[in-house]
Amino acid sequence: MGVGLFVGVWVARYLGPARFGSLNFALSFVALFGSLTTLGLDGIVVRQIIKDSSSTFSILGNTLALRLGGAMLAALASVVIARLIEPHDHTALILVSLIATGLVFQAFDTIDSYFQSQVQSKLTVWSKNIAFLLVAGVRVLLIHVKAPVWTFASAGVAELALGAIGLVIAYQAYGGNILEWRTSRQVSIDLLKQGWPLILSGMAIMIYMRIDTVMLKVMQGDAAAGLYAAATRISEVWYFVPAAIVSSVSPAIMRSKVNPSLYYNRLRSLFSLMILTSVSIGSCIALASHWIVNHLYSNTYAAAAPILAIHIWASVFVFLGVAQSPFDLSENLLRLSLYRTVAGAVVNVVLNCLLIPRYSALGAAIATVLSYAVSAFIANAFDARTRPIFFLQLRSVVPRYILGAP
């Protein structure tokens, strides 16, 4: 992540806000269709292989076939729709077309699901990190030779291609043979039946994570999208923190479900830790936003500082949302989690329509913070099953002497 941020900042400085905005528009636009490639099958494939190892080749073969079909459909849809909404922006169309081809290589993440089922994720890490480091070097070279913007999109596709090749080589080295995979219409139908809620959830997540850049580009132009993308690269780099913490404490929380008092106390402690961590990060980044932007991106991106100072507060609700995942899993509320995500996506689009014309990228940042608040916090108050979580989250924000001790 450190190397990615460093190289990403270097690319942004070289391209400038307008061209950087055009590149990030294409990346965000194609990402909106990414759920058609993954099809929500990651966890399902892992579970099915663990449950019935004798069907491994059938599960992997059908998953790869479905994902390749979904990738081609997603690539075609992204190019066609981009042409409809930006018919006169030839640069955007070229970038979207290039980046969309990378979706085909993402289908080979099917092998990663197999490695997860065998507790061999290190093979995925090696494959993808080698590809990332090689292409990071290529990006630096492109900066030095003053390459055009489309070459940076091509570099992203090359990274996905190298990662896919690395996964195939790792699978072969592990003793597998991709030619042994087979397909079955019935297995494919069963997989799609299990994955459709996660497809919708993935689409909703991508909408409220990436639609800001797309709408900014369409409504305010490339420069506004570039400033916004520069700010979000800094604020979103912290999102690995809650994932790391929650993955460590989730087993202890879920095991304590037999003792309700201990169960909710541990959840409250986790929410409090998340608030403390996210508010500390948010305060430091917001106060130093001008210094950070000027030193990382140069004065060309000075207008990104107030955007960063606002957008960083979305991390508070991201941290709370990730902290809620052990509860959602323990209580089997994944479908309710989908509804919250969809609500957040709808709120984000509506607020973008209202705020971007008036406040440009600042409006998009405000819309993001409020939509994350709806999805990860406010929506919990509207369902009896999650209302206890809403009050736990509230107590982690508001001093106890106001709400009273639980």
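How much area does the protein expose, and what share of it do carbon and sulfur atoms supply? The exposed area is about 18600 Å², and carbon and sulfur atoms supply 68% of it. The model under view is predicted, and the tour below moves from the whole chain to single residues.

**Whole chain**

Begin with the entire protein in a cartoon representation. The view shows 19 helices and 0 strands. Aligned along the principal axes, the C-alpha atoms fill a box of roughly 60 × 60 × 35 Å. The radius of gyration is 22 Å, which agrees with the value near 22 Å for a compact globule of 406 residues.

Next, colour by accessibility: buried residues make up 50% of the 406 residues. If contacts are displayed, consider those with a separation of 6 or more; residues 24 or more positions apart account for 80% of them.

Then select the charged side chains. There are 27 positive and 15 negative charges, and the mean positions of the two groups lie 6 Å apart.

**Helix H6**

Select residues 110-117, which form helix H6. Of its 8 residues, 7 are buried, so the helix is largely enclosed by the rest of the structure. The buried positions are Thr110, Ile111, Asp112, Ser113, Tyr114, Phe115 and Ser117.

**Two loops with positive phi**

Move to lysine 146, in the loop between helix H7 (121-144) and helix H8 (149-173). Although lysine 146 is not a glycine, its phi is positive, at about 55°. Is this residue buried or exposed? Lysine 146 is exposed, since its relative accessible area of 64% lies over the 50% cut-off.

Now select serine 360, in the loop between helix H16 (334-359) and helix H17 (361-376). Serine 360 is likewise a residue other than glycine with a positive phi, here near 55°.

**Confidence and the C-terminal end**

Finally, colour the model by pLDDT. The average for the protein is 87, and 97% of the residues score at least 70. Which elements have the highest and the lowest mean pLDDT? Select residues 304-311 for helix H14, whose mean of 95 is the highest among the elements. Then select residues 400-403 for helix H19, which has the lowest mean, 44.

Extend the view to residues 401-406, over which pLDDT stays under 50. For this stretch the model has 7 contacts beyond four places in sequence. Where pLDDT is low, the predicted coordinates should not be read in detail.

Conventions. Residues are numbered from 1 along each chain as its sequence is written. Side-chain values use heavy atoms; hydrogens and water are left out. Helices (H or I, at least four residues) and strands (E, at least two) are DSSP runs, numbered from the N terminus. The radius of gyration is taken over C-alpha atoms; the globule rule is 2.2 Å times the number of residues to the power 0.38. Buried means under 20% relative accessible area, exposed over 50%, partly exposed in between (1.4 Å probe, protein chains only). Contact means heavy atoms within 4.5 Å. Accessible areas come from the Shrake-Rupley method with a 1.4 Å probe; for residues, only the protein chains shown count as cover. Lys and Arg count as positive and Asp and Glu as negative; His and the chain ends are not counted. The place of a charge is taken as NZ of Lys, CZ of Arg, CG of Asp or CD of Glu. pLDDT is the predictor's confidence in each residue, from 0 to 100.
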